[in-house]
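This report describes how the helices, the aromatic rings and the nonpolar core of one protein chain are arranged. The sequence and the structure come next, and the text then starts from a helix.

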Amino acid sequence: MDRWNWLQDEMLEQFGGWSKSDGVYHGVWRSSKTGEPNADVSAQYIVAVPKNELKTLRRILRSACIVFAQQCIYLSIAGSVEYVEAKR
């Protein structure tokens with residue numbers, strides 16, 4: 001199973017669905033660990049998650065950090081931004 005299918009299956013199973021924005025997003029971010037800029041290509045998913053299920057979403061995103069080899073994943077909840085990192 002490819003990693004995108006894994007993520008989509010997780011969101012469908014846990015939250016009953018997901019939407020994906022068209023295309024990909026190209027960007028650059030500065031690593032808090034090395035200070036170096038990193039170019040990356042991202043996809044944007046939109047998922048309706050009840051407040052009492054936000055811990056489940058964060059758990060999936062922590063796993064996604066490992067699956068996608070990311071230092072962290074950007075999460076926006078009702079305009080509030082956080083960066084979800086894999087548990088060490």
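In this predicted model, the buried residues of helix 1 are Leu7, Gln8, Met11 and Phe15. Viewed down the axis of helix 1, these buried residues fall within an arc of 95 degrees, so they line one face of the helix. A general point of geometry fits here: an α-helix has 3.6 residues a turn, so residues three or four places apart point the same way. The partners against which the buried residues of helix 1 pack are strand 1, strand 4 and helix 2.

**The two helices**

Helix 1 is made of 13 residues, and the span from its first C-alpha to its last is 18 Å, close to the 18 Å expected at 1.5 Å a residue. At its N-terminal end helix 1 is capped by Asp2, a side-chain oxygen of which lies 3.0 Å from the backbone nitrogen of Trp4. Just after helix 1 comes Gly16, with a positive phi of about 85 degrees. Helix 2, with 14 residues, reaches 20 Å between its first and last C-alpha, again close to the value expected at 1.5 Å a residue, which is 20 Å. Its buried residues are Leu54, Thr56, Leu57, Ile60, Leu61, Ala64 and Cys65, and the elements they pack against are helix 1, strand 5 and strand 6 (80-85).

**Two buried residues of helix 1**

Gln8, which lies in helix 1, has a relative accessibility of 15% and therefore counts as buried. If its neighbours within four places in sequence are left aside, Gln8 is in contact with Trp18, Lys20 and Tyr45. Met11, also found in helix 1, counts as buried at 4% relative accessibility. With neighbours within four places in sequence again left aside, the contacts of Met11 are with Gly16, Gly17, Trp18, Tyr45 and Val47. By contrast, the C-alpha atoms of Met11 and Asp40, which are 29 residues apart along the chain, are separated by 22 Å.

**Aromatic pairs**

The structure holds four aromatic pairs, two of which are described here. In one of them the rings of Trp18 and Tyr45 have their centres 5.4 Å apart and their planes at 70 degrees; since planes over 60 degrees apart count as edge-to-face, the pair is edge-to-face. This pair links distant parts of the chain, with Trp18 in the loop between helix 1 (3-15) and strand 1 (19-20) and Tyr45 in strand 4 (residues 45-46), 27 residues apart. Trp18 counts as partly exposed at 33% relative accessibility, whereas Tyr45, with a relative accessible area of 18%, is buried. Another aromatic pair, that of Tyr74 and Tyr83, is edge-to-face, with 5.8 Å centre to centre and 70 degrees between the planes. Of its two members, Tyr74 counts as exposed at 52% relative accessibility, and Tyr83 is exposed with a relative accessible area of 54%. Trp4, Trp18, Tyr45 and Phe68 form one aromatic cluster.

**The nonpolar core**

In soluble globular proteins, nonpolar side chains tend to be buried together. The largest nonpolar core of this model has 15 residues, and those with the most contacts inside it are Leu7, Met11, Phe15, Leu57, Leu61, Ile73 and Leu75. Helix 1, helix 2 (54-67) and strand 5 (72-77) are the elements that give two or more residues to this core, and helix 2 gives the most, with six residues. For Ile73, not counting residues up to four places away in sequence, the residues touched are Leu61, Ala64, Cys65, Glu82, Tyr83 and Val84.

**Two alanines with positive phi**

Ala69, just after helix 2, and Ala78 each have a positive phi without being glycine. The table sets out their location, phi and accessibility.

| Residue | Location | Phi | Relative accessible area |
|---|---|---|---|
| Ala69 | loop between helix 2 and strand 5 | near 55 degrees | 68%, exposed |
| Ala78 | loop between strand 5 and strand 6 | about 50 degrees | 86%, exposed |

Terms used. Residues are numbered from 1 along each chain as its sequence is written. This is a predicted model: local features need pLDDT of at least 70, side-chain atom pairs count only at pLDDT 80 or more; totals for chains, interfaces and linings use all residues. Side-chain values use heavy atoms; hydrogens and water are left out. Rings of Phe, Tyr and Trp (its six-membered ring) pair if their centres lie within 6.5 Å; planes under 30 degrees apart count as stacked, over 60 as edge-to-face and the rest as tilted. Helices (H or I, at least four residues) and strands (E, at least two) are DSSP runs, numbered from the N terminus. Buried means under 20% relative accessible area, exposed over 50%, partly exposed in between (1.4 Å probe, protein chains only). A nonpolar core is a set of buried Ala, Val, Leu, Ile, Met, Phe, Trp, Tyr and Cys residues joined through side-chain atoms within 4.5 Å. Contact means heavy atoms within 4.5 Å. The expected span of a helix is 1.5 Å times one less than its number of residues. The arc is that of the directions from the helix axis to the C-beta atoms. A polar contact is a pair of N or O atoms within 3.5 Å; within protein, one must be able to donate a hydrogen and the other to accept it, and residues adjacent in sequence count only if both atoms are side-chain atoms.
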